[in-house]
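Student: Could we go through how two of the helices pack in this structure? Please begin with the terms.

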Amino acid sequence: MSTRLDTTFAALGDPTRRAILAMLLEDDMAVTDVAEPFEISLAAISKHLLILVRAGLISQEKRGRVKWCKLEPDAMRDASIWMQGFGQFEAINLDAFERFLEEELNG
């Protein structure tokens, strides 16, 4: 479980990846749509997506010639359980997580 937590928290440690997760809270998105709001290359976005996939936070599926990204909401369960052990954190629910990400991204 330690390796999985390390991978999850490392993936969440980057603001671009957190922004991608916030976008995917709304709906599945094509990789090109995920990349659109960022001022970095498609290759850089693909690297971020790969990290999120390896952490199990998102999944990708090819539909025709387009690769789609989907949020995996249960992927943070272990991290949530671990944080609850400190008694300061409640279980993560997607609505609260979305509000947190919006606050982080919009200041």
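Tutor: Axes are lines fitted to C-alpha atoms, for helices over the stretch in contact, and angles run from 0 to 180 degrees between N-to-C directions. Helices (H or I, at least four residues) and strands (E, at least two) are DSSP runs, numbered from the N terminus. The model is predicted, with local features needing pLDDT of at least 70 and side-chain atom pairs pLDDT 80 or more, while totals for chains, interfaces and linings use all residues. Residues are numbered from 1 along each chain as its sequence is written, and side-chain values use heavy atoms, leaving out hydrogens and water.

Student: At what angle do H2 and H4 pack?

Tutor: Helix H2 (residues 15-26) meets helix H4 (residues 42-54) at about 75°, and their axes are 10 Å apart. The two are therefore roughly perpendicular (65 to 115 degrees).

Student: Which residues make the contact?

Tutor: Thr16, Arg17, Ile20 and Leu21 of H2 touch Ile45, His48, Leu49, Ile51 and Leu52 of H4, contact meaning heavy atoms within 4.5 Å.

Student: Which residues of H4 are buried?

Tutor: Ile45, His48, Leu49 and Leu52 are buried (under 20% relative accessible area, 1.4 Å probe, protein chains only). They span an arc of only 100° around the axis, by directions from the axis to the C-beta atoms, which puts them on the same side of H4.

Student: What covers them?

Tutor: The cover includes helix H1 (2-12), H2, helix H3 (31-35), strand S2 (58-63) and strand S3 (66-71).

Student: And which exposed residues does the opposite face carry?

Tutor: The face of H4 turned away from its buried side carries Lys47 and Arg54, both exposed (over 50%).

Student: Changing topic, what phi does glycine 56 take?

Tutor: Glycine 56, just after H4, has a positive phi of about 80°.

Conventions: Angles under 35 degrees count as roughly parallel, over 145 as roughly antiparallel, 65 to 115 as roughly perpendicular and the rest as oblique.
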